[in-house]
Amino acid sequence: MTINTQNLAALIEENHHEDSTQEDSTQEDSTQEDSVDIAQLRTPLKVDLSPIYEFLGARTTQAWVNAAIADLPLIIQDHANCEKKAAGTAMNLIFRYEFSYDLQRKLAQLIREEMLHYEQVLGIMNERGQAWKYLSAGRYAKGMLKHKRTYEPAAMVDVLIIGAFIEARSCERFAVLAEVINDERLAKYYRYLLKSESRHFEDYLALAQSLAEDNIDERVAFFKEVEAELISSPDTELRFHSGNPA
C-alpha cells in the first residue's frame, strides 16, 4: 500500500470538515456528540470502511465472531481495557515526544476521545449489571511491539504504525459485531464508534510519515503481515483483538 502523506493530510482535513458540516450548530447537539450517556449519541447513517479493509491484511473470521457473541461480557470489558490502554499509551507519548506540535495536538485529542469512550463503555457495563473482573492482556499488541525498532525516530514511527493497525482492527471488529449482536443498544453504540475509529488509523499514518526520515511504506507492509498473522493464527485467549479461537 503506497502512502502519500499529502493525500493523507488532505483526507484527514476533509474528514474533519465533513464531520463539522454534518453536525448541527446548536449547543444541544454538540453536547449529544460528547455525551457519556450513549442514549444521547447520534449514529452516522453510513461510514465508508473500504480504506480499513484495504489497509488490513486479513478480515475477522466467523469463528472469532461466534466466540465473541458467546462471551459478550468479556468482549465488552476488554473493549474498555483497550480504550484505557490507548489513552494511557498516548499520555506516555505526549510526555516523551514534546518536540512535535502536530503529534502533541493529535495525541491530546486522542486522549480526550479515548477516555470518553472508556467512560461510555463503563456505563454500558453498569447498565448491564456487569461486574469488573480481572482480564490478562492478550498477545496482540505485544506481538507487534516486539518488532519495534529500538532507536529514534524509528521507534516512534513503529509505535505510530502499530497504533494505526490497532485502530483499524478495532474499527473492523466494531462493524462486524454491530451486524450480529442481539443487543440493539450496544450495536448502535458500535456503529457510532465507526465514525471516529475509521479516521484514527489515517491520523497515525500521517504522523508516522511526518516523523520518519524515509518513506514508511516498507514498515507498513511489514506490520501488515505481522498483524494479519496475529489475527488469523490460533489464539488460546479470547480478547477484542485476539486471533482465531484455538
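## Glutamine 77 and its contacts

Leaving aside neighbours within four places in sequence, glutamine 77 is in contact with Met125, Gln130, Ala131, Trp132, Lys133, Tyr134 and Leu135 in this predicted model. Glutamine 77 itself is found in helix 5, which covers residues 72–96. With a relative accessible area of 3%, glutamine 77 is buried, because buried here means under 20%. One of the residues it contacts is Lys133, and the C-alpha atoms of glutamine 77 and lysine 133 are 8.1 Å apart in space although the two residues are 56 apart in sequence.

## The chain as a whole

The protein chain has 10 helices and 2 strands, and from the N terminus on the order of these elements is α-α-α-α-α-α-α-α-α-α-β-β. The two strands thus come after the ten helices in that order. Of the 246 residues of the protein chain, 49% count as buried.

Among contacts between residues at least 6 apart in sequence, 79% join residues that are at least 24 apart. The protein chain exposes about 12,500 Å², and carbon and sulfur atoms supply 51% of that area.

## The approach to helix 8

Helix 8 spans residues 154–180, and the loop between helix 7 (140–145) and helix 8 holds proline 153. The peptide bond that leads from glutamate 152 to proline 153 is cis, with omega near 0°.

## Helix 8 against helix 9

Helix 9 comprises residues 184–211, and helix 8 packs with helix 9 at an angle of about 160°, with the two axes 8 Å apart. Angles over 145 degrees count as roughly antiparallel, and helix 8 and helix 9 are therefore roughly antiparallel to each other. The crossing in which helix 8 passes helix 9 is left-handed. Sorted by class, the contact of helix 8 with helix 9 has 21 nonpolar, 4 polar and 3 charged residues.

Glycine 163 has its place in helix 8, and with a relative accessible area of 12% glycine 163 is buried. The C-alpha atoms of glycine 163 and tyrosine 204 are separated by 6.6 Å, while the two residues are 41 apart along the chain.

## Helix 8 against helix 10

Helix 10 covers residues 217–232, and the axes of helix 8 and helix 10 come within 10 Å and cross at roughly 45°. This angle lies neither under 35 degrees nor in the range of 65 to 115, and helix 8 and helix 10 are therefore oblique to each other. The crossing of helix 8 and helix 10 is right-handed. On the side of helix 8 the contact is made by Asp158, Ile161, Ile162, Phe165, Arg169 and Arg173, and on the side of helix 10 by Arg219, Val220, Phe223, Lys224, Glu227 and Ile231. By class, this contact of helix 8 with helix 10 has 6 nonpolar and 6 charged residues, with no polar residues.

Valine 226 also has its place in helix 10, and at 13% relative accessibility valine 226 counts as buried. Valine 226 and isoleucine 162 are 64 residues apart in sequence, and their C-alpha atoms are 10.0 Å apart in space. Not counting residues up to four places away in sequence, valine 226 touches Gly143, Met144 and His147.

## The end of helix 8

Valine 180 lies in helix 8, whose range is residues 154–180. With a relative accessible area of 43%, valine 180 is partly exposed, because values from 20% to 50% fall between buried and exposed. Leaving aside neighbours within four places in sequence, valine 180 is in contact with Val65 and Ile69. The C-alpha atoms of valine 180 and isoleucine 69 are separated by 8.2 Å, and the two residues are 111 apart along the chain.

Note on methods: Residues numbered from 1 in each chain as written. Predicted model: local features only at pLDDT ≥ 70, side-chain atom pairs only at ≥ 80, totals over all residues. Heavy atoms only, no water. Helix = DSSP H or I, 4+ residues; strand = E, 2+ residues; numbered from the N terminus. Buried < 20%, exposed > 50% of the residue type's maximum accessible area, 1.4 Å probe, protein only. Contact = heavy atoms within 4.5 Å. Areas by Shrake-Rupley, 256 points an atom, 1.4 Å probe, with all protein chains shown as cover. Axes fitted to C-alpha atoms, helices over the stretch in contact; angles between N-to-C directions. Left-handed = near helix turned anticlockwise from the far one by under 90°. Nonpolar A, V, L, I, M, F, W, Y, C, P; charged D, E, K, R; others polar.
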